[in-house]
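The report below goes through one structure, starting from a single loop residue and moving on to sheets, cores and backbone geometry. Please keep the sequence and the coordinates at hand while reading.

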Amino acid sequence: MKFTIKPSLPSALMAVLISLLMLAGCGDDDPTPEAGPGEPEGLGEYAMVTASLNADGQTRAFYLQRVSVDNTEIIDNSDATELSAATGAMIHSFGGSIYFSDYGNQSPNMEKWNIDESNNATLAGDMNLSELGFQGNTAFKDENTAFVGGISTDIIIFNPTTMQKTGTIDITSVSNIGTVTDFPQPGATIVAESVTEILIRDNLLFASLMPLSDLATQSPGEKGCSIIIIDMDKIDANAQGNADAVVKRIFDERGSATGAWGSGGGSPFMRLDERGDIYVLCHNSWAGWRAAFDRPAAILKIAAGTTDFEESYYFDLESAARGLGSPVMNLEYYGNGKFLGAAQDPSAINPDNPFSYFIDPIYQWWSFDLYNQTAEIVAEEYTRAAVASVTYFENGFGYVPFEANGEQFVMKVDLNTLETSKQFNTTGTPHLFSLQ
Amino acid sequence: MTIKKSLNSRLTVNSVLKVAFGFFLTAILNPSLAETNQCRVTLTILDERQNEIIGAFIEITEADQKAISNVSGEANFLLSQGTTYTLYVSSLGFETVQRSIKIPTDGDFQLQIILKESTTSLDEVVISGKSQRATTKALPYKAQVVNLSTLRAQPIQVTNILNQLPGVRIRQEGGAGSSANIMLNGIDGKGVKLFVDGIPVYLLGAGYSLNTISPGMIEHIEIYKGTIPVDYGSDALGGVINVVSRYGNAEYADLSYGYGSWNTHEASITVRENFGSRDNYFINLDGFYNYSDNDYWMDNVDIVVDDLFNTEPGRARRFNDQFQSLLTRVQVGVRDQRWADELMLMSSYSRIDREWQHGLRAEVPWGEPTSTQDSWNAAVSWKKYGKSDRWNASVVAGYTYDQLHFVDTARRTYFWDQNFVPKTNGGESGLYSNGTIPVLTTRTLFSRESFSYSLNNQHTLNLTMLLTNDELRIRNDVLSREDQEGLLPAQTLLKNYTGLALASELLGSKLTNTVSAKHFYTRSSGVTFNNRLVGPRETNEFSIVGYGDVIQYQINPLITINLGYEFTVRQPDDEEIFGNYLTVAPNPSLNPEQSHNINFGTEYSTSRKRFNAGATFFYRNTSDRIFLNAVTFGLARYENLIGTQAVGAELHADYLILGGLRAAVNATYQDITLQETSPQGNIPNRFIGARVPNTPYLFGNGQLSYSRKAAWLGDGTISAGYDFNYVHEFFLSWAEDGRAETKDIIPTQTLHNINLSWMAPRDRWSIGVECRNLTDARAFDNFSVQRPGRSFYIKARLFFGT
C-alpha cells in the first residue's frame, strides 16, 4: 500500500507555528535524500535489489535500481526505488521484470516491477497469496503461465503478465500430512508440507516438498527427500483442481528435503544441466536438520527422461568441501556441471550467542563439480550466504553477493580460474538480476 | 468463538448497566449520605474581578482533604460541624491564601475566596504540577497536569486527552482498546511508565492501562518528561504519566454512560461514602465498563473478487476487533487516627476481552484470535503526616494476580471481506502447527515506602523505595506437557528501587533545586534456552545508580527558566528477560537501557495571566535500547540493539482571548538519530547519525474552547471546543535509502474534533457530544493500520452529593 503526499490547509496553518522549529531542525536526514557518494558509472541491463535492516533490528527494506556490473564504485540506494519498507523474502526475474515476493509479517503477496532505462521503477501488478501462507520459489513457464506453491495443498497457477491467478493444482492425493513418521522423535507427525520450489522440464513440473513436524521450529517431518511429479499436459491453466495432473510422489532417503523459504533471497535448490539432468540439493542445513538427520548435505539426481531419483548418483558435498559436519547451501549453477555453493564452518559459530548461526558470517563460497564430484574453495572470507546468495553469471564471470562484518559488496568470480575480486560495494545486501 | 458470543451468557452491556444502576440507586438512597453531623462546605474561588478560577488547589490540612476547583471555580468538602480548620488556596498566577474557617453547627456552608494576582508566581503550560501537599516545597520538576474535572462532561478518551499535549505522541494499533505506545520527548515504549496514584500500573493489573481506564475515576493526570521525581519509584527512562484518582472527603455518587459510533458503550460509576461517628471511615467504589465492536471501515484493503481469491483494492469493515473491558475497585479505610492519617484497604478486579484483527500491520487480517486477561489486586496503604507537616510517610503493599490467555487455532486464512481459505496448519498470528494457546500467569508482590522530611524551611528530604517480586509461569495449551517440561517452574524477577532527593528553596524561593540519586537492583532467575532446548536455571543480577539535578529560577515575575539533567535506567522486564519460551527466547544477560536526559525550558506569562507561552528544549542520549530481535520466523529474543540521541523542542502558547474563550497551540519537533549499533543486530554502521525511521518527528495541536455560565439556561455552564491534531509525514525506513517519492510513508495527517457539553448548576448533571475526525480523514498511526474515520459520541452524567 502506498500513500501519496497531499498538501492541506491545516498543514499550512500548522506550518506557520512550526516554522521556527523547521528552520532549526532541517538537516541532512530530512526525507529528501541527497545523492550518495557513489552514483553508478552507467546504467546497464541489470537490476539490483538491496536489502537494508531497519532500526527495529528485525525488518528489512528492499530497494530496486538499474546498475552496470562493470561498475567499480560503491552503489548506494539514493537513486533506488523502495520496493518495501519493512518486509521481503524472494526476488525472481522473468521477461525483463522483477517479481518481488513477500511473506514477512504474515502478508504473503507477490509484486511485479518494471524498471526503465532511466532507472524509474513502476509497479506493474501485484497478487495476494495469503492462501499459500509462506510461498516458495516461483517457476515461470512462459509469459502467460507460472507456478508457485507454499504451505498449502494447492499450487497456484498465475499469469505473470497480468498478475492474476488463473488456476490451481490440487496435490492432496500425494500429501502425507497427518502421517506418523516418528521423525525426528517418536510419535512425530507431518503437520504441514510446503512446496518450496518448482522446476520445469519437458512437460513436467518437479515440485519439491518440505514436510514439517512442527512449523514454529521448522522441524523436519520426514527423513528423506520428496518431490511431486506433475504432468503439465494435463493441466488446464484456467481451471481449479487439476488433481489428475499429479503423476506421483518420489522419495529418496539419502538426502533431506530440498528447498528453503526465501533462502538467500530466492536461491534455487533444484537445477537442470545442459544434458537435461535435474540435480537436487539436499542441504540438511536449517533448524537442526543436520543433527536430526545425521547425514551430510548431498546432491541427488533425476536423470534426463526419467522421473525417479537415480540410485547410482550421490554427491556428498560436505566430504568434498570442508568435511563432514559442514553443511552446504545454495546451488548456483554456472554450466558444465559446476555450481557455487556456500559451505558452513561450524567453528565460526559463536557459542555464546544463540543467534550466531543466523547473523554471523559462517559460510565460505566453494565451487562444486557435479560430474566429477569435487570441490574447490573460491574465497577464504566468510559471508552470510543465508541472506544473500542469488548469483548472476555472465561471460565467464559470476557476480556473487557478499555480506560480512557490516560490509556488503558484489564479488566477481572468474569461473575459469576461480580468482575473486571485489567488484563494487553496496549499501544493503545485494541481489543481481539480468533484465534481458 | 467470538467475544460477543462468549460473553452473552455472562456479561452484556445491559446487564452491566442494570447492575450499575441498581448499585447507583442503592448508593444515592442510602441515608448515610445525608447524615448531618458533617457539614457540606462549598468553596468558590474567584479572582479580583469575580471570575471563577479553574484548577485552584485547595487543602484543608487538619482534615487531610484536597481538591481542585472545577469549571465553576468550586470545590466541595465534607467537614465536621463546629470545628475550626486551616484552609490553603493556591493557584498559578495568584498569591496563596491561608485562612482559618469555623464550620457552623447546622446547615451547609458556602464561602467565596478571592485570590489576588501574584507578582511572583509561575505559569505552566496546562496546570502547575503540584500534586503533593501544599507544604511540599515547590519542586522544579516540570510537570504538565491535565485536570479531568472539567472534561468529565465530554465523551473523551484518556489517550485523546494526552495526545493534545506538547511533546506527547500516542500511537495506537486500531480503535477503542487497542494498545497504545506513548512517546514523550523522543523516548517511547517501555521507557515511559504509567502510574496510578504513584503505583506502577503493571502492579495493579491490565484494567488500568491508558487505553482502557475511564476518565470518570480520574481527578487529574500528571506528565513528567525526562527528569522524574524520586517519588515515582520506578525505572522510567523517558518519562512518567501518573493518573491520580479522584480524592477528597466529599460524599457523592457519579454515574455516566456514553454511546457512540461502532457500537461503543462506556459506563462508569464512582461512589464515595463516609460513615462512623466522626465520618472518619470511608468506602469508595469505582467501576467502569467499555465495549466496542470497532467495526470501522478500512480503505484500500484486498477484497476477493473471484473464487480463485484474486483481489482488488476496496473497502471493508473490521470484523474481528470487538473489545470489552471491565474494572471494579473498592477502597475501605479510616482517616484522622493518631496512628494514621489514612489507612486504606483496596482491591480491584479487571477483565479485558478482545479480538485480534491483525498484527503490527494490517495487510492480512486475522479472523478468529481472541484473548482474555484477568487481573486481581489487593493492597493496603498507610499515610501519616507529622506535626505541621514537617514530615510525612506512606506505605503501600500489595499482591497482584494476572493471567493472559490468548487463543489462536483457526485453520483458515482470512481476507478483509471475511472470505477465507482453509489451511492445513492452525493459527493466524504466526507460523504454528496447531495454533497457539499461550497462558501467561504473573503473581506479583510489591511494597512502596515513601518518607519526606523538612530539614528546615528551605530543605526537604525525600526517600522512596519500591520492591517488586514477579513470579511468571508460562504454558501453551496446544503443546504436550512433555514438550514444555522445564518451562513449567516459575521464573522470578526481583526488582528494588531506592530514590533519595533533597529539594531546596533558595534566594527567597526564586531558586528551587532538587538533587537526587536512584539505585536500581534486579535479580532474575529462570531457565536458559538455546537452540530451542531448555537448559539449566540461571540467576543473574545487576545494580546501577542513577542521579540527577533539576533547577528552576525565577528571573522576574513573568519569566522563569528551568534546567534539569538526569541519568536514568530502565530495567528489563520479565517479558524481555524470560521471553515466552515458544517464539521468544529468554535473554537473562540483557543490560538495562540507560539514558542521559537534559531539559531546558522557559516560561513567560503576562502579568494578568491572559497569555502564557513557553519553550522546552530537550536532549536524550539513550544506549542499550532493547528491541525484539527476530532472526527467523520462529526464533527471536530481546537484545540491546542500538543507541539513539533525541534532540528537540516543544513550544506552547495559551491565550485567554476574552471571557471564557481560550485558544491554545503547541508544536513539537524531535530529531531522533542512531548513535550506536550492536553486533547482535546487524544494523549497518552507515546509518549512524541518520534519523530513526518510523517515528514521528514533527507534530502539534491546536485548541479553541469556549465556556461560560448561561443564565438563560438555568445558570448551568455550556462549553464548546474544537481541536486539531497534526502529525507530519514520516518514512517507515531509513531516509537515506531510496528516492523519496518511492518510499512508503505514514502520510501527513490533520484530525479535527469538535465537542459541545452542558453542565447543570453545581455539576448535578451534564451531557456532552463529540465528533472525532470531523473531516473523515484517513488516519494512521502505524503503516497500513487505519484508525477510525468520522465518529460520534454522546455521554450523559449524573452527579449526586457535594
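Leaving aside residues up to four places away in sequence, Asn591(B) touches Asp624(B) and Asn640(B). The model is a predicted one, and this residue is found in the loop that runs between strand 32 (584-585) and strand 33 (593-605) of chain B. Asn591(B) counts as partly exposed because it has 16 C-beta neighbours inside 10 Å, a number that falls short of the 20 required for a buried residue and exceeds the 12 at which a residue still counts as exposed. Between Asn591(B) and Ala796(B) there are 49 Å in space from C-alpha to C-alpha, at a sequence separation of 205 residues.

Chain B as a whole has 802 residues, of which 53% count as buried, and its secondary structure comprises four helices and 45 strands. Among the contacts in chain B with a separation of 6 or more, 65% are made by residues 24 or more positions apart.

Several strand pairings can be followed residue by residue, and the table lists three of them, each antiparallel.

| Strand | Partner strand | Bridges | Residues opposite each other |
|---|---|---|---|
| Strand 9 (145-148), chain A | Strand 10 (154-159), chain A | three | Ala146(A) and Phe158(A) |
| Strand 36 (661-677), chain B | Strand 37 (698-710), chain B | nine | Tyr669(B) and Leu698(B) |
| Strand 37 (698-710), chain B | Strand 38 (716-727), chain B | 12 | Ala710(B) and Gly716(B) |

The pairing in chain A belongs to an open, antiparallel sheet of four strands in the order 8-9-10-11. Strand 8 (139-142) and strand 11 (164-170) of chain A each have a single partner strand, so they stand at the edges and one side of each is left without a neighbour in the sheet. From one strand to the next, the twist averages 25°.

Turning to the nonpolar cores, the largest has 214 residues, and Leu64(A), Ile98(A), Ala207(A) and Val280(A) are those with the most contacts inside it. Leu64(A), not counting residues up to four places away in sequence, touches residues including Ala47(A), Val49(A), Ile98(A), Trp113(A) and Ile115(A). Apart from the largest core lies another, of 23 residues, which includes Ile45(B), Ala56(B), Ile60(B) and Ala67(B).

Some backbone details deserve a separate check, since most residues other than glycine have a negative phi, and most peptide bonds are trans. Phe183(A) and Pro184(A) are joined by a cis peptide bond with omega at about 10°, and Pro184(A) has its place in the loop between strand 11 and strand 12 (192-201) of chain A. Asn242(A), which is not a glycine, has a positive phi near 50° and is found in the loop between strand 15 (225-231) and strand 16 (246-252) of chain A; with 22 other C-beta atoms within 10 Å, Asn242(A) is buried. In chain B, Asn294(B) likewise has a positive phi, of about 55°, and is found in the loop between strand 17 (281-292) and strand 18 (297-304). Asn294(B) is buried, as 25 other C-beta atoms lie within 10 Å.

A last point concerns confidence. For chain A the mean pLDDT is 86, with 88% of the residues at 70 or more. Over residues 1-42 of chain A, however, the pLDDT is below 50, although this stretch has 63 contacts in the model beyond near neighbours in sequence. Where pLDDT is low, the predicted coordinates should not be read in detail.

Note on methods: Residues are numbered from 1 along each chain as its sequence is written. Chains are lettered from A and ligands numbered from 1 in the order in which they are written. This is a predicted model: local features need pLDDT of at least 70, side-chain atom pairs count only at pLDDT 80 or more; totals for chains, interfaces and linings use all residues. Helices (H or I, at least four residues) and strands (E, at least two) are DSSP runs, numbered from the N terminus. Two residues are in contact if their C-beta atoms, placed from the backbone, lie within 7 Å. Two strands pair if DSSP finds at least two bridges between them. Axes are lines fitted to C-alpha atoms, for helices over the stretch in contact, and angles run from 0 to 180 degrees between N-to-C directions. A nonpolar core is a set of buried Ala, Val, Leu, Ile, Met, Phe, Trp, Tyr and Cys residues joined through C-beta atoms within 7 Å. pLDDT is the predictor's confidence in each residue, from 0 to 100.
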